[in-house]
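Work through the following exercises with the sequence and the 3D structure open beside you. Each task is followed by a solution that proceeds step by step.

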Amino acid sequence: MRLTFLGTGSAMPTGRRAQSGALLETDEGALLVDCGSGVLDALARTDTGYEGVDAVLLTHHHLDHVSDIDVLLKARWLAGETELTIAGPPGTADLVTDLLSVHEYMQDRMDLRLVDIEEPTFSLAGLDGERTETRHSMQCFAYRLTPSGGGPTVAFSGDSEAFPELVAFADGAAVFVHDCSFPDDVDVSNHPTPSSLGTALAEADADLGRVYLTHLYPHTEGRHEEMLASLGEAYDGDVRFAEDGLAITLDAI
């Protein structure tokens with residue numbers, strides 16, 4: 001299984017990071033997790049490309065996680081790939097339908113399967129998934145994703161404050177991709193800082209392989225070492241910053 005970070009930024013662009021998006025590939029399929037601004041270009045730079053994605057999985061519906069969906073659909077249509085599954089929290093089907101309704105010429109161009117995830121487990125693009133609620137300003141899901149035939153698990157926090165139950169949800173994951181939007185001196189809700197995330201990681205006592213920090217606001221620029229040091233005061237596991245274009249083979253971790 002291969003994980004590629006397509007966008008590790010936030011709702012405030014820096015010119016160096018695209019908004020939220022990651023590509024998860026197995027022998028059975030390719031899953032795009034979130035599709036914020038800039039993710040389509042990043043996806044086009046991968047071997048899979050936007051034509052090769054089998055499904056899109058949304059953590060939530062904020063703009064920096066969904067704004068490239070309609071341009072992804074048009075690009076696939078022009079490339080002759082008209083089938084796609086798009087899944088996410090309740091309201092995802094209405095969201096995609098409403099996005100397409102804005103562009104009359106896109107009506108009936110795509111053969112879409114739109115899925116509102118209501119149950120705690122699901123299957124998508126050759127992966128078995130689990131979801132749980134996060135603590136954010138709108139409904140948001142965290143996900144555990146494991147190849148249907150067995151293999152390493154990748155967990156995504158979505159956007160969320162840090163709390164031990166969310167970390168426990170990722171127990172056993174080879175990689176846990178977690179929001180760490182701001183350094184400690186920013187007073188923020190709905191997102192974690194390094195100290196709050198370190199505390200949650202330590203209190204959960206979960207078995208985690210490697211933690212990657214993402215959803216990085218401009219406030220974090222030039223402060224990565226400081227942020228890692230703060231997080232490390234509570235948690236001594238393997239924690240790294242994600243970067244756009246970083247690709248990881250999960251079986252090698």
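A disulfide is a pair of cysteine sulfur atoms within 2.5 Å, and this cut-off is what the first exercise needs. The model is predicted.

**Exercise 1. Determine how many disulfides a search of the whole structure finds, and explain the result for Cys140 and Cys180.**

Step 1. The search of the whole structure returns zero disulfides.

Step 2. Starting from Cys140, the closest cysteine sulfur is that of Cys180, and because the two sulfurs are 15 Å apart, they are too far from each other for a bond. Starting from Cys180 leads back to Cys140, again at 15 Å and again too far.

Step 3. As to their surroundings, Cys140 is buried, with a relative accessible area of 0%, and Cys180 is likewise buried, its relative accessible area being 0%.

**Exercise 2. Count the aromatic pairs, then describe the pair of Phe5 and Tyr212 and the pair of Phe182 and Tyr217 by geometry and by position in the chain.**

Step 1. The structure holds five aromatic pairs.

Step 2. In the pair formed by Phe5 and Tyr212, the ring centres lie 5.4 Å apart and the planes make an angle of 55 degrees, an arrangement that counts as tilted. Phe5 belongs to strand β1 (residues 2-7) and Tyr212 to strand β12 (residues 210-214), so this pair ties together parts that are 207 residues apart in sequence. Both Phe5 and Tyr212 are buried.

Step 3. Phe182 and Tyr217 make a stacked pair, with 4.4 Å from centre to centre and 25 degrees between the planes. This pair links distant parts of the chain, 35 residues apart, since Phe182 sits in the loop between β11 (175-179) and α6 (194-204), while Tyr217 sits in the loop between β12 and α7 (224-232). Phe182 and Tyr217 are buried.

Step 4. Ring pairs also link Phe122, Phe141 and Tyr143 into a cluster.

**Exercise 3. Trace how strand β8 is joined to β7 and to β9.**

Step 1. Strand β7 (residues 121-124) and strand β8 (residues 127-133) run antiparallel and are joined by four bridges; within this pairing, Thr121 stands opposite Glu130 in β8.

Step 2. The hairpin of β7 and β8 has two residues between the strands, and in it Ala125 takes a positive phi near 50 degrees.

Step 3. On to strand β9 (residues 141-147), which runs antiparallel to β8 and is joined to it by seven bridges; here Leu127 stands opposite Pro147 in β9.

Key. Residues are numbered from 1 along each chain as its sequence is written. This is a predicted model: local features need pLDDT of at least 70, side-chain atom pairs count only at pLDDT 80 or more; totals for chains, interfaces and linings use all residues. Side-chain values use heavy atoms; hydrogens and water are left out. Buried means under 20% relative accessible area, exposed over 50%, partly exposed in between (1.4 Å probe, protein chains only). Rings of Phe, Tyr and Trp (its six-membered ring) pair if their centres lie within 6.5 Å; planes under 30 degrees apart count as stacked, over 60 as edge-to-face and the rest as tilted. Two strands pair if DSSP finds at least two bridges between them.
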